[in-house]
Amino acid sequence: MDYEAQFAEALDGLREAGNYRVFADIERQAGQFPRAKRWTEDGQVDDVTVWCSNDYLGMGQHPKVLDAMHETLDRCGAGAGGTRNIAGTNHQHVLLEAELADLHGKEAALIFTSGYVSNWAALSTLAARLPDCVVLSDALNHASMIEGIRHSRAECQRWRHNDVAHLDELLSQIAPGRAKLVAFESVYSMDGDIAPIAEILDVCERHGALTYIDEVHGVGLYGPRGGGVAEELGLMDRIDVIEGTLGKAFGVMGGYIAASKNLCDFVRSFASGFIFSTALPPAIAAGAAASIRHLKESQIERVRHQNRVKIVRQRLDAMGIPHLPNPSHIIPVMVGNAHHAKMISDWLLANHGIYVQPINYPTVPKGTERLRITPSPVHTDGDIDRLVEALSECWSMCELVRKPLAA
């Protein structure tokens with residue numbers, strides 16, 4: 001077999017469909033976010049404004065975070081030294097887990113190298129080791145959740161997205177004494193919609209199901225202390241496992257679960273994704289803990305963030321640029337064609353210094369291709385004006401349909 005030809009053919013197929021991904025060579029500038037430098041193939045360096053970062057609050061450049069990381073790096077060195085089980089448990093890991101347990105009002109927390117790994121490891125371990133477990137997974141759950149459930153080899157039933165009646169129907173058909181694990185997200189990252197958490201919990205409690213919520217796009221952004229949507233709704237105490245990330249609103253990297261002491265210890269003791277992974281560097285853990293501590297006390301970033309989101313939506317509406325209505329901070333600008341989405345993204349970057357990546361299949365269904373815009377507290381009114389005016393130019397250039405303006 002000509003292996004190289006197989007690889008090339010598959011990649012050519014992606015290019016023809018408009019789904020081939022090209023990474024922009026971006027260099028973030030500390031203290032200047034959302035400004036960044038873009039390195040081109042010919043060695044040129046251009047200034048760009050980033051509009052698609054998941055560093056939602058700009059905490060990746062916050063002085064408290066940087067100071068904690070510098071101090072810990074100088075004191076502890078670069079790496080953790082190994083897996084947590086052998087040589088890699090650093091005091092900074094213990095402090096970070098305590099901050100996370102406190103954030104979510106849980107007995108314990110367990111950190112991982114990423115949000116993907118925390119979902120994969122926790123769900124695969126729980127579903128595989130709970131006796132005769134059946135997992136009920138929201139139809140739009142993240143790939144990391146799907147992979148974890150699949151790896152467990154437990155029975156999985158998908159319930160229609162955010163359809164509580166369907167979840168109730170499926171749970172009603174499962175033997176009462178059987179282990180049941182219901183997995184869902186708070187904020188869904190592509191459409192920006194929010195789960196009916198209280199109603200889901202009502203159903204789960206009625207059927208004796210263990211609840212697992214992915215709050216990766218909620219932590220830091222919602223709730224009086226940044227505990228996520230569940231904290232904002234006063235529901236954290238009713239959820240068995242809260243999973244989150246340190247790489248989005250907290251601005252660093254890593255993932256975690258917060259739950260009872262026994263559940264966290266159970267995952268720690270049996271999850272291969274935890275046992276055999278090198279631990280987070282101490283400086284990373286210290287930076288994450290500093291970010292969490294700050295956002296537990298400060299409302300400035302969250303208030304400013306919501307203001308920026310509101311203004312971007314208003315300006316898009318004024319220009320007739322279609323975007324999905326939702327109650328979250330994620331603004332999906334709907335293009336509906338992979339080639340147009342890529343063309344608009346390239347044009348914005350080349351002609352306006354605006355960096356926003358196209359979102360195409362398989363991340364979203366074909367025909368729903370979009371630009372996923374994520375405003376931050378540090379985007380200015382001028383940044384918003386330039387973004388919306390450039391999008392309007394692209395809409396005219398591509399002859400795309402605009403929304404009717406509100407009367």
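In this predicted model, R153 sits in the loop that links α6 (143-152) to β6. Although R153 is not a glycine, its phi is positive, at about 65°. With a relative accessible area of 78%, R153 is well past the 50% cut-off, so it counts as exposed. A second residue of this kind turns up in the segment after α15, namely E399. Here phi is near 55°, again a positive value in a residue other than glycine. E399 is exposed as well, its relative accessible area being 71%.

Next come the cis peptide bonds. One runs from F33 to P34, with omega near 15°, and P34 belongs to the loop between β1 (25-28) and β2 (35-39). Another joins Y361 and P362, where omega is about 10°. P362, for its part, lies in the loop between β13 (358-359) and β14 (370-373).

Stepping back to the whole chain, the secondary structure adds up to 15 helices and 14 strands. The C-alpha trace covers about 60 × 60 × 55 Å along its principal axes. A compact globule of 407 residues would be expected to have a radius of gyration near 22 Å, and the chain, at 22 Å, agrees with that. Of the 407 residues, 54% count as buried. Among contacts with a separation of 6 or more, 71% are between residues 24 or more positions apart.

Two helix pairs show how pieces of the chain pack. Helix α7 (residues 164-172) and helix α8 (residues 197-207) have axes that come within 10 Å and cross at roughly 10°. An angle under 35 degrees counts as roughly parallel, so that is how α7 runs relative to α8. On the α7 side the contact involves V164, L167, D168, L171 and S172, while α8 supplies E199, I200, V203, C204, R206 and H207. Sorted by class, the contact of α7 with α8 holds 6 nonpolar, 2 polar and 3 charged residues.

The other pair is α14 (residues 338-352) and α15 (residues 381-397), whose axes also come within 10 Å but cross at roughly 130°. That angle makes α14 oblique to α15. The crossing of α14 past α15 is right-handed. From α14, the residues I344, W347, L348 and H352 meet A390, L391, E393, C394, W395 and M397 of α15. This contact of α14 with α15 divides into 8 nonpolar residues, 1 polar and 1 charged.

Back towards α7, the loop between β6 (155-159) and α7 is home to H161. H161 has 25% relative accessibility, and since buried means under 20% and exposed over 50%, it counts as partly exposed. Setting aside neighbours within four places in sequence, H161 touches D138, A139, L140, Y188 and D193. For one of these, A139, the C-alpha atom is 5.0 Å from that of H161, with the two positions 22 residues apart along the chain.

D265 gives another view of sequence and space. D265 is part of helix α10 (residues 261-270) and, with 33% relative accessibility, counts as partly exposed. D265 and V309 are 44 residues apart in sequence, and their C-alpha atoms are 39 Å apart in space.

How values were computed: Residues numbered from 1 in each chain as written. Predicted model: local features only at pLDDT ≥ 70, side-chain atom pairs only at ≥ 80, totals over all residues. Heavy atoms only, no water. Axes fitted to C-alpha atoms, helices over the stretch in contact; angles between N-to-C directions. Helix = DSSP H or I, 4+ residues; strand = E, 2+ residues; numbered from the N terminus. Parallel < 35°, antiparallel > 145°, perpendicular 65-115°, else oblique. Left-handed = near helix turned anticlockwise from the far one by under 90°. Contact = heavy atoms within 4.5 Å. Nonpolar A, V, L, I, M, F, W, Y, C, P; charged D, E, K, R; others polar. Rg over C-alpha atoms; globule rule 2.2 N^0.38 Å. Buried < 20%, exposed > 50% of the residue type's maximum accessible area, 1.4 Å probe, protein only.
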